[in-house]
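Colleague: I am new to this, so could we look at a model together? I would like to ask how its labels are earned.

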Amino acid sequence: RKCTACNCTITGVSSQVCDREGSCLCLDRVTGSDCSRCEEGYTNFPICNQCDNGYYGYPSCRQCDCNADGVTPNICNPNTGHCECLHEGIGGSRCDECKPTYSNFPLCEAVIEDGTLSGWSSWSSWQQLNKCGASGTRTTKQRRTRTRSCDDSTRNIHGRSCMDEEMDDIEIRYKDVCREVKRFFIELRNHKYAPTSGKIQAVITQNAEDCDNCDCTSRKPTWNSPNTKKTRLWRDARDYACPQNFDISKRIFMKIKSDSGDDISLNEFGLEIGDEKYFRSYTPGYPYYIEIDKNKNNGWYQLN
């Protein structure tokens, strides 16, 4: 009887190569009719001493329990069987779901949630930063503010903090309201020239919250013993030492002083500030004039 050569892969068989029927005698974990490959789950032919991709736990290589769409080409760790997820957004023991803050498996894109800014509060009242008063000051400066808040509890790991945003909003405005006193006047009673030996002065003021050091007493005498048929008597304020700038948007007060025992009766007195004129009139109506008594202030009068 003629012998037939074994049809086997020599590196994959035992020393006997094949049996009497010609079946190849494969090494451990080697398979195939010609002993040419490792058994399923094994690799590194012909030794076949490693678990193939998708298997773990040599020498008893078991198939990885992973979702094929969510893993790397290695599928799982060859020693532990722990699934190796494709990217950081995929989670679960089988890499079969998106982690929290990710969505759309298997892309598992980041869900971005930023910190939450509140709406702006109402504007505060205007705060006065400076006032009229100093000579040469033309404008006042005011400021108001509003605020908002940041709630970072709504922010996730992908989101942006709102703490970097502006939380305070400031608005500045300027008011062109400061004007110097150009001149002032007194008007004697029409039916009586009110002769007096008195030295008459004008006194002008504004409230401290409206104007800075706006208290002006004209140099004495501003009107010296007025006794004339010209009843309205103007004086240039710059000649009588009233350099302050008053706020023409606020109330202005004025009074007349006399050092004489002779009463002087006035129908009106007033002043001109900038391009505006302000008067205190006693006609018509009752009383229709005021008597300025010696060394008496006679009270402050708001100019209209």
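Modeller: Here are some labels and the reasons behind them. This is a predicted model, where local features need pLDDT of at least 70, side-chain atom pairs count only at pLDDT 80 or more, and totals for chains, interfaces and linings use all residues. Residues are numbered from 1 along each chain as its sequence is written, and side-chain values use heavy atoms, with hydrogens and water left out.

Colleague: How many helices and strands does the chain have?

Modeller: Zero helices and 30 strands. Helices (H or I, at least four residues) and strands (E, at least two) are DSSP runs, numbered from the N terminus.

Colleague: Why is Ile172 called partly exposed?

Modeller: Its relative accessible area is 35%. Buried means under 20%, exposed over 50%, and partly exposed in between (1.4 Å probe, protein chains only), so Ile172 counts as partly exposed. Ile172 sits in strand β19 (residues 168-175).

Colleague: How much of the chain is buried?

Modeller: Buried residues are 35% of the 304 in the chain.

Colleague: What makes a nonpolar core?

Modeller: It is a set of buried Ala, Val, Leu, Ile, Met, Phe, Trp, Tyr and Cys residues joined through side-chain atoms within 4.5 Å. The largest one here has 28 residues, and Phe184 and Met254 are among those touching the most other members. Strand β20 (178-188) is one of the elements giving two or more residues; with five, β20 gives the most. A second, separate core has twelve residues, including Cys24 and Cys35.
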